[in-house]
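User: I want to go through the labels used for this protein and hear the reasoning behind each one. Please keep the answers short.

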Amino acid sequence: MQTIGLIGGMSWESSLVYYRDLNVGVQERLGGLSSPKVVLSTVDFAEVTDLEDNERWDQIGTLLADAARGVERAGADFLILCTTTFHKVADQVAAAVDIPLLHLADVVADECRAAGVQKVAFLGTTVAMNDPFFISRIAEGGPEVVVPAPEHHGWLNSAIYDELVHGRVVDATRRRVVALIDEMWDAGAGGVLLGCTELELLVKQVDCEVPLFPCTTLHVRAALDRALA
């Protein structure tokens, strides 16, 4: 079993999901008392979001690169970022270490291609929806990616940062997100990417008719495939 290096803290709710699901996944695959080999480094979410607000992505990249070097020294065989938004500095992080980075966008693109989906909607933070760093990488190896109209970005971002990163799951927000998903489906999307770990706390496949692609769940599965190969 390879050791999985996790860079988390963005938010800790996201890190919790990654750690839990990695353990559940190993238990399901190997049984008994098996659990994954994991090295986890978490950053201060307040610090990175303040840097994000001030568009200091160079400093964010340095901070996450330092964390990546730490998990590499601790014995990780490969690395994953427990976040979507901060994949904006993934190339800087990958360049700082000698172990491979399992990029979330590549995992999602592979999954969409395998499912035969040609057009997907992407829901996430304002940064992830507006900046091409993530959706362009998916489109390179997978489907066309569309995002909601700009008037939806602010409230969706607020739902993530004001509610979900604090573990608050609000029914009214769920209904609004499901309505947005239905709107994207009506506009021709053959699936919807839940492009933020915390959105998976809010919306499940049972809530929607359109196929959902829960990015964190797919990321964890791919990490287990690599670790247990």
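Analyst: One definition to begin with. A charge sits over a ring if NZ of Lys or CZ of Arg is within 6 Å of the ring centre and within 35 degrees of the ring normal. Note also that this is a predicted model.

User: What makes R226 count as sitting over the ring of F78?

Analyst: The cut-off is within 6 Å of the ring centre. The charged end of R226 is 5.3 Å from the centre of the F78 ring and sits over that ring. K88 is another case: K88 lies over the face of W57, at 5.4 Å from the ring centre.

User: How many aromatic pairs are there?

Analyst: Ring centres must lie within 6.5 Å. By that rule the count comes to four aromatic pairs.

User: Why is the pair of F45 and Y161 called stacked?

Analyst: Planes under 30 degrees apart count as stacked. The planes of F45 and Y161 are 10 degrees apart, and the centres are separated by 6.0 Å. The angle falls under the cut-off, so the pair is stacked. The pair links distant parts of the chain: F45 belongs to helix α2 (residues 45-53) and Y161 to helix α8 (residues 153-163), 116 residues apart. Both F45 and Y161 are buried.

User: Why is the pair of F122 and F134 called tilted?

Analyst: Stacked needs under 30 degrees and edge-to-face needs over 60, with the rest tilted. The planes of F122 and F134 stand at 45 degrees, with centres 5.6 Å apart, so the pair is tilted. F122 is in strand β4 and F134 in helix α7 (residues 132-141), 12 residues apart. Ring pairs also link F122, F133 and F134 into a cluster.

User: How do you know whether F122 and F134 are buried or exposed?

Analyst: Buried means under 20% relative accessible area. F122 has 0%, so F122 is buried. F134 has 0% as well, so F134 is buried.

User: What makes strands β4 and β6 a pair?

Analyst: Two strands pair if DSSP finds at least two bridges between them. Strand β4 (residues 119-123) and β6 have four bridges, in the parallel sense. The requirement is met, so they pair. One of the contacts in register is V120, whose bridge partner in β6 is G191. On β5, V120 stands opposite V145. Three bridges join β4 to β5, again parallel.

User: Why are β5 and β7 called edge strands?

Analyst: The order in this open sheet of four strands is β5-β4-β6-β7, with parallel pairing. The strands β5 (144-146) and β7 each pair on one side only, and that is what the edge label rests on. On average, neighbouring strands of the sheet are turned by 30 degrees against each other, direction ignored. The pairing of β7 (residues 212-214) with β6 is parallel over three bridges. There, L194 stands opposite P214.

User: What packs on the sheet?

Analyst: Helix α5 (residues 104-115) touches β4, β6 and β7, and its direction makes about 150 degrees with that of β7. Helix α11 (residues 215-227) touches β6 and β7, at about 55 degrees to the direction of β7.

User: What makes β6 covered on both faces?

Analyst: In a regular strand the side chains alternate between the two faces of the sheet. In β6 (residues 191-194), G191 and L193 lie on one side, V192 and L194 on the other. These residues are all buried, and both faces are covered.

User: How do you know how many disulfides there are?

Analyst: A disulfide needs two cysteine sulfur atoms within 2.5 Å. A search of the whole structure finds zero. Take C112: the closest cysteine sulfur, in C215, is 7.7 Å away, so it is too far for a bond. For C196, the closest is also in C215, at 9.5 Å, so that is too far as well. C112 is buried, with 0% relative accessible area. C196 is buried too, at 7%.

User: Why is T216 called buried?

Analyst: The cut-off is under 20%. T216 has 2% relative accessibility, so T216 counts as buried. T216 is found in helix α11. Leaving aside neighbours within four places in sequence, T216 is in contact with V17, Y18, T197 and E200.

Key
Residues numbered from 1 in each chain as written. Predicted model: local features only at pLDDT ≥ 70, side-chain atom pairs only at ≥ 80, totals over all residues. Heavy atoms only, no water. Buried < 20%, exposed > 50% of the residue type's maximum accessible area, 1.4 Å probe, protein only. Helix = DSSP H or I, 4+ residues; strand = E, 2+ residues; numbered from the N terminus. Axes fitted to C-alpha atoms, helices over the stretch in contact; angles between N-to-C directions. Contact = heavy atoms within 4.5 Å.
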